[in-house]
Amino acid sequence: MTMSSPPPEESRRGFLLWLTSALGALATLLLAVPFLGYLLGPLKRKAPDWHPLGKVDDFPLDQTKLLTFPNPLRQPWDGKTGMTGVYVRYKGVNKEGKHDFMVLAMNCAHLGCPVTWFPQSGLFLCPCHGGVYYEDGSRASGPPPRGMFHCVWKVDGDTLLVEAPHFPTLQDTLTHPA
Amino acid sequence: MKKLLAWLEHRVGFRDSILPMLMHPIPRGAAGPMGWWYVFGSASMTLLAIQILTGIGLALVYVPSADKAYESLLYLNYEQPMGWFLRALHNTSAGGMVLMVAIHMTQVFLHGSFKYPRELTWILGVCLLFLTLGLAFTGQVLRWDGDAYWGLGVGAAMAGRVPILGPYIVRLLLGGPIIGADTLSRFFALHVFILPGLLLVTLGLHLWVVLRKGISEPPVPGEPVDPTTYDAKYHEELKKGVPFLGDAVVKDGLFSALVVITVVVIAAVFGPKGPGAYPDPTLPGADPKPDWPFLWTYAALTLLPAEVETPLILTAPLVLLVVLFGLPFYANRGERAPSRRPLAVLGVIVLWSLLIVLTLIGIKGPGAPTMDGWSGIPVPVDMVKRSSPVQLAGAAVLQNKQCRNCHALEGKGGIRGPDLTNVGTRLTRDELIRQVIQGGGLMPAYGKQLKPHEVTALVEFLVNCRPAGETPARNPAQPVPTRTTARAEN
């Protein structure tokens, strides 16, 4: 007994179905890949951007100041939301003879709200859920699981610079970008 | 005219398609007095129609750009004719829709209407609940003020706790490294295109399966659902049924009309919500609060101990999803009447009580510090009358060191910590010193911030914070003070 090949009509249909599936898959892929690339755009990270905070001499020893500045990470149409604030404290000259600073993001380590500095009691208080931090940014009480987020800073000549801070979260702090 | 209708009918086929849907029989019981339980779904849909209408209206004027959104909201409030009303109505009706969907869901749960063969109707309904809440949250973001800005921060920080993927989810949610223009643009797209699109498709499917499987008959105690016999029984019941376009739809219409009138009156009386503080992340002392559908989470996040928070944030939504989606399969058969399902009734009472209590706590402020308590709320005069100079100095320390941000005196001040009006009757001098210096509970340690003489003065003030005639707290191991020593201490 010999296997008869399918009639030409049927094999043509089979081929057409196969071709449609293959071309359809290709078309879907051609559409999906660039679109996915577009959607995942926000994951792209820019090179660190530095912003000058002021002359080293302008920071009195052991005093915490709130400094606000336009975040270099902003969009030109960000308006006020493109502003950011950091708490800066000059800690004097360290053992290696270099200027030592503490630069803290304003965001609470709990859920990101803006903390307020109270010099009288030496505490940072968060208005949202009641997080409290000591003057060195370490956790004092309340719901935060850790201390405040430290920003990356450097002294260039006589100027203090801070690395533009993104919105910090527990697994994406400012010192160890993920 | 008749000819024109016939011409249309020949092409549209209304009598063959839509009309039978409207006239489909429903169980007689659902058209009787019990029918009043069935009005919440259609009321949700009516409010959805208002949302679409007012939403399109607002989109004609609103500017979804971070630097102009706030100004365009002010323009809507004060310049655009009836702009204030559309904003108010959109907000009020949104709240009403959340409420109606929740009540509709509660009714379906209590009457066991999610059981065979309406499992898919329930699941699509759960999806509609989450889409409604999603629309409520994204809508709050479009009111581009301080609450919106920090609400985004809270949402992003929670998402950031997802293991490994957290940071990537945050970036995709915010559309960039910071909360700003990119964030607003994508929440606008979510609120105006993506979520409404999904909602309408899901609603279509929800209604389709409602039509396919029919409206559930009012539950009768002692008549449990048995998947093998239910369909035949229901079919029999429908033979005595009444058309949907009749008594039932009149109840729907009447209730919807009442809901619309209520929503319009509330909107007109209370006006639009916000915008509140300007969305400026550099303004400290912001006091952000979410809209009321999310106040209960806000209260829970404040009250939960830090240790259980992350596990709860990560697992609670998953547990909720599994429970809600699994419910119609777990309880697929059996009694439907609430009188035969005491556990289900208890569950509803517990859940609603929890949500209401947490929401009330959220309204009152769940006890985050009162940021101006120290500068704005003085020590009551009667508490410092006839005080010694040391006690007066202590009262000053209490104010200056921001203690009042968390502690009330005579009911005024923060509620993060206990009211200190009578603290002298609860804590001994030694306990007060220890608490001030080492902190504990929710209280930070003040050891480094207070000089010894400040601690002495503060504790001297606190020991005497007690009603006249009450003896100070004492260590049970110490001998009972005689009357003379107690008076001496006073």
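**Figure 1. A loop with a cis proline in chain B.** B:Pro275 sits in the loop that lies between helix 12 (247–270) and helix 13 of chain B. As in every view here, the model is a predicted one. The peptide bond leading from B:Gly274 into B:Pro275 is cis, and its omega is near 5 degrees.

**Figure 2. Another cis peptide bond, this one ending at B:Pro117.** Look for it in the loop between helix 6 (83–110) and helix 7 (119–142) of chain B, where B:Pro117 is found. The bond runs from B:Tyr116 to B:Pro117, with omega near 0 degrees. For context, most peptide bonds are trans.

**Figure 3. B:Met82 and its positive phi.** This residue is not a glycine, yet the phi of B:Met82 is near 60 degrees. B:Met82 belongs to the loop between helix 5 (69–78) and helix 6 of chain B. Most residues other than glycine have a negative phi.

**Figure 4. Helix 13 of chain B packed against helix 15 of chain B.** The axes of helix 13 (residues 295–303) and helix 15 (residues 342–364) are 7 Å apart and meet at an angle of about 80 degrees. Angles of 65 to 115 degrees count as roughly perpendicular, so helix 13 of chain B is roughly perpendicular to helix 15 of chain B. Helix 13 of chain B brings B:Leu295, B:Trp296, B:Tyr298, B:Ala299 and B:Ala300 to the contact, while helix 15 of chain B offers B:Leu355, B:Leu358, B:Thr359, B:Ile361, B:Gly362 and B:Ile363. Sorted by type, the residues of this contact are 9 nonpolar, 2 polar and no charged.

**Figure 5. The kinked helix 10 of chain B.** Follow this helix along residues 181–213 and you will meet a kink of about 40 degrees centred on B:Leu190. At 1.5 Å a residue, its 33 residues should span 48 Å, and the end C-alpha atoms are 46 Å apart, which agrees. Just after helix 10 of chain B comes B:Gly214, with a positive phi near 80 degrees.

**Figure 6. Where chain A meets chain B.** Here 48 residues of chain A are in contact with 59 residues of chain B. Elements giving two or more residues to the chain A side include strand 2 (64–70), strand 5 (116–118) and strand 8 (139–141) of chain A. The largest share, 3 residues, comes from strand 3 of chain A. The chain A side divides into 24 nonpolar, 20 polar and 4 charged residues.

Definitions and conventions:
Residues numbered from 1 in each chain as written. Chains lettered and ligands numbered in written order. Predicted model: local features only at pLDDT ≥ 70, side-chain atom pairs only at ≥ 80, totals over all residues. Contact = placed C-beta atoms within 7 Å. Helix = DSSP H or I, 4+ residues; strand = E, 2+ residues; numbered from the N terminus. Nonpolar A, V, L, I, M, F, W, Y, C, P; charged D, E, K, R; others polar. Expected span 1.5 Å × (residues − 1). Bend = angle between axes of the 7 residues up to and from the residue. Axes fitted to C-alpha atoms, helices over the stretch in contact; angles between N-to-C directions. Parallel < 35°, antiparallel > 145°, perpendicular 65-115°, else oblique.
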